[in-house]
Amino acid sequence: MAKLDETLTMLKELTDARGIPGNEREVREVMKKYIAPYADEITTDGLGSLIAKKTGKEGGPKIMVAGHLDEVGFMVTQIDDKGFLRFQPVGGWWNQVMLAQRVTIVTRKGDVTGIIGSKPPHVLSPEARKKPVEIKDMFIDIGASSREEAQEWGIRPGDMVVPYFEFTVMKNEKMLLAKAWDNRIGCAIAVEVLKQLKDVDHPNVVYGVGNVQEEVGLRGAKTATYKIEPDIGFAVDVGIAGDTPGISEKEAMSKMGKGPQIVVYDASLVSHKGLRDLVTDTADELGIPYQFDSIPGGGTDAGSISLTHNGVPALAITIATRYIHSHAAMLHRDDFENAVKLIVEVIKRLDRETVDKITYE
Ligand SMILES: [Zn+2]
């Protein structure tokens, strides 16, 4: 693999870090390391969301740019007497992407490697072979011979189980393959926005945030937003790429590399019209590419942000990503860079008057 530049090194560290909902510490530490040089103050809410504050002007409008720290994974629920693990998916999983995948169980005594197992097809009836295996019939094999041995290795109910996959720059070096792009790319966008605003004069207070527990129902965004009380909120996350075989334009129109997605509607939010128009007008003016998308079957933290206190104008800006909620997903570096550029330019155009205009007119 080619030598990683500064940005790729951050992306590798963010995606290789492990953190299912409620277990975000490792990811929070990586994000903190990268965002701290550009923040005046770093705090967390009571659930562990990371909040990095950078004041452009004291008393200015508060702008929240939030990714989420957590990734979809599993939790150990039981160890059977033969040493196999039963587990609970944490976040949305599809049974077809799970079997025979390598996982890491993160225990108090260190990491244990496992593989998601099921019965081999050789012993199944012809009917059973045609059906996908249900998640409740899967187990994790760690190569232990008994419950006692698994316990000795440190495994306990409640331990997190994460997909194992190493960050990879593909042959086309713009294409990046990793676990947990959902939503470490959002964390990276929040870091980069603060970084690029470092020496910029603007009259706002910017918060780069890593929310916890998004994948179990947009939970950390509620508490982090409550603490910040922002005037404007952006959720930065992954979206659906519609450019693989078999997906029609009607199902998903976005293409990797064609700009960040402006989510006009999703199951959690009707995007704020004033904010959406400001964002797309800014992009049009500067020639920053973007694509519209709508995701009636999913939500983002923008939904939770919008419903905090007396309501916050919010928008989700997402990166078209292939194979989300599986072991490895793929996205295009240009989309990441254009999302950062767009949000930075929008923040430069925000001040009290513009925020009031967007909010109340
Ligand atoms: Zn997700």
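1. Leu218 lies in the loop between β12 (205-211) and α6 (220-228), and in this predicted model the phi of Leu218 is near 55°, a positive value in a residue other than glycine. With a relative accessible area of 14%, Leu218 is buried. As background, most residues other than glycine have a negative phi, and a reader new to this structure may wish to look at the backbone here.

2. Glu229 also deserves a look, since Glu229 has a positive phi of about 55° although it is not a glycine. Glu229 is found in the loop between α6 and β13 (232-240), and its relative accessible area of 44% makes Glu229 partly exposed.

3. Which residues coordinate the zinc ion? The donors come from Asp182 (OD), from Glu215, which appears twice through OE, and from His325 (NE2), at 1.8 to 2.6 Å from the zinc ion. Along the sequence, the donor residues follow the spacing D-x32-E-x109-H. Asp182 belongs to helix α5 (residues 181-196), while His325 sits in the loop between β17 (314-321) and β18 (329-332), so the pair ties together parts that are 143 residues apart in sequence.

4. The geometry of the zinc site should be read with care, for the angles among the four donor atoms run from 54 to 143° and the site is irregular. For four donors to count as tetrahedral, all angles would have to lie between 85 and 135 degrees. As for the surroundings of the donors, Asp182 counts as buried at 10% relative accessibility, whereas His325, at 23% relative accessibility, counts as partly exposed.

5. Next to this donor in the sequence there is a further backbone feature to check: the peptide bond from Asp182 to Asn183 is cis, with omega near 15°. Asn183, like Asp182, has its place in helix α5. In general, most peptide bonds are trans.

6. How do helix α2 (residues 25-35) and α5 cross? Their axes come within 9 Å and cross at roughly 20°, and because angles under 35 degrees count as roughly parallel, α2 and α5 are described as roughly parallel to each other. The crossing of α2 and α5 is right-handed. On the side of α2 the contact is made by Val27, Met31, Tyr34 and Ile35, and on the side of α5 by Arg184, Cys187, Ala190, Val191 and Leu194. Helix α5 thus joins two of the points in this note, as α5 holds the zinc donor Asp182 and also packs in contact with α2.

Note on methods
Residues numbered from 1 in each chain as written. Predicted model: local features only at pLDDT ≥ 70, side-chain atom pairs only at ≥ 80, totals over all residues. Heavy atoms only, no water. Donors = N, O, S within 2.8 Å, 3.2 Å for Na, K, Ca; no water. Tetrahedral: all angles 85-135°; square planar, octahedral: opposite > 155°, others 65-115°. Helix = DSSP H or I, 4+ residues; strand = E, 2+ residues; numbered from the N terminus. Buried < 20%, exposed > 50% of the residue type's maximum accessible area, 1.4 Å probe, protein only. Axes fitted to C-alpha atoms, helices over the stretch in contact; angles between N-to-C directions. Parallel < 35°, antiparallel > 145°, perpendicular 65-115°, else oblique. Left-handed = near helix turned anticlockwise from the far one by under 90°. Contact = heavy atoms within 4.5 Å.
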